[in-house]
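Good morning, and thank you for coming. Please look at the sequence and the structure as they appear, and then we shall go through them together.

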Amino acid sequence: MLTLAGAYNSSELMAPHLPADTMSIPFQKIGLIGKHGDPAVKETIRTLCNFLSGHGREVILEEATARLLEGNLLQSLPEIDLPGHSDLVIVVGGDGTLLHAARVLAKQHTPLLGINLGRLGFLVDISPNQMLPHLDMILNGEYEQEVRFLLEVTMGDESSAQEGMLAFNDVVLHKWNIARMIEFETYVDGQLVNDQRSDGLIVSTPTGSTAYALSGGGPLLHPSLNAIVLVPICPHTLSNRPIVVDGDSEIEIRLNKALSEDVQITCDGQATLPIMQGEVVRIRKAEEQVRLIHPVGYDYYSILRAKLGWGENPKNNRC
């Protein structure tokens, strides 16, 4: 659900630690995260620092980002500590950078804003050449906020489970060192869905439906849907198709022990855990949510048209 900031409950939008005389002004303390190891973000970060400071905002840099700016005198903190000192975190990079930040910062519910220096940019939807006008409006309280859910994956035997990992896009079951099929059973809320042989399985949020799940033949899901899509990777049986289930479902994956060697789980293509023999993989909606800030007029379908190369109505192009 997209809503103008003014329509949200004021207690949800305003940071409780702000002084009373600044409570009506959004985002007093702003954290900045640049794509790790990429010097190309330096000038954009420097521009942001000057602009935000010039608008009376306190700027806090993530430590690795701070090292990109020679002679920088701004405060810097480890990434995990940014939300506790920020009302808004701005991420400069591509979708991968925002995915990483979303997983790390989700437990503290700090809203995220993405500046796109990557290629596709479904999540980081502000380009550098539009950055300052959009930020000016956002700092004046003119923005839209969107809440999206994450997945949590745990692994363990029948009676126990390890601490969960979060995924904003998807949880992927796959082999890691050899191109061989995996055999496993998939359950949804305790009911057997299928017993399949494939190269793996993608369990995706609506956010991730435009990522690996789309490449695997899955459907596009609007991000407001409470749904999870299961997409088999190169299934042995061609009738094994993607399936969409309720977003509050619990998905369970049980591997055939004879074919479970060298199988692992990867979250958002970034965080990975091997699966030990006899472990059960359980995936459910996480308690944490991601709050995304967009400019006024944010249009999901416009982003799809631009990023996926969908043409306009041919009738509009007639001479």
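Let me begin with the surface. The protein chain exposes about 15200 Å², and carbon and sulfur atoms supply 51% of that area. Please keep in mind that this is a predicted model.

Of the 319 residues in the protein chain, 49% are buried. The chain contains seven helices and 18 strands. Consider also the contacts between residues at least 6 apart in sequence: 68% of these join residues at least 24 apart.

I turn now to one helix, α5, which spans residues 131-139. Which of its residues are buried? They are Met-131, Leu-135, Ile-138 and Leu-139. These residues lie on the same side of α5, because they cover an arc of only 90° around the axis. What covers them includes the strands β2 (29-34), β5 (88-93), β6 (112-116) and β18 (280-294), together with the helix α2 (42-54). After α5 comes Gly-141, which has a positive phi, near 90°.

One of the elements covering α5 deserves its own description, namely β18. How many of its 15 residues are buried? The number is 11, and β18 is accordingly described as mostly covered. As a general point, the side chains of a regular strand alternate between the two faces of the sheet.

Strand β18 has antiparallel pairings that we should examine. With β7, residues 144-156, the pairing runs over 12 bridges. Within this part of the structure, Glu-146 stands opposite Leu-292 of β18. With β15, residues 251-255, β18 pairs in the antiparallel sense over four bridges. Here Ile-253 has Val-281 of β18 as its bridge partner.

Finally, I should like to consider a single residue, Thr-266, in strand β16, which covers residues 263-267. Is Thr-266 buried or exposed? Its relative accessible area is 8%, and since buried means under 20%, Thr-266 is buried. Its side chain takes part in polar contacts. One, of 2.7 Å, joins it to the side chain of His-174. Another, of 3.2 Å, joins it to the side chain of Thr-272. Which residues does Thr-266 contact, leaving aside its neighbours within four places in sequence? They are Asp-170, Val-171, Val-172, His-174, Ala-271 and Thr-272.

To close, I would ask you to remember two points: the buried residues of α5 are on the same side of the helix, and β18, which helps to cover them, pairs with β7 and with β15. Thank you for your attention.

Key:
Residues numbered from 1 in each chain as written. Predicted model: local features only at pLDDT ≥ 70, side-chain atom pairs only at ≥ 80, totals over all residues. Heavy atoms only, no water. Buried < 20%, exposed > 50% of the residue type's maximum accessible area, 1.4 Å probe, protein only. Arc of directions from axis to C-beta. Contact = heavy atoms within 4.5 Å. Pairing = 2+ DSSP bridges. Areas by Shrake-Rupley, 256 points an atom, 1.4 Å probe, with all protein chains shown as cover. Polar contact = N/O pair within 3.5 Å; in protein donor to acceptor, adjacent residues only side chain to side chain.
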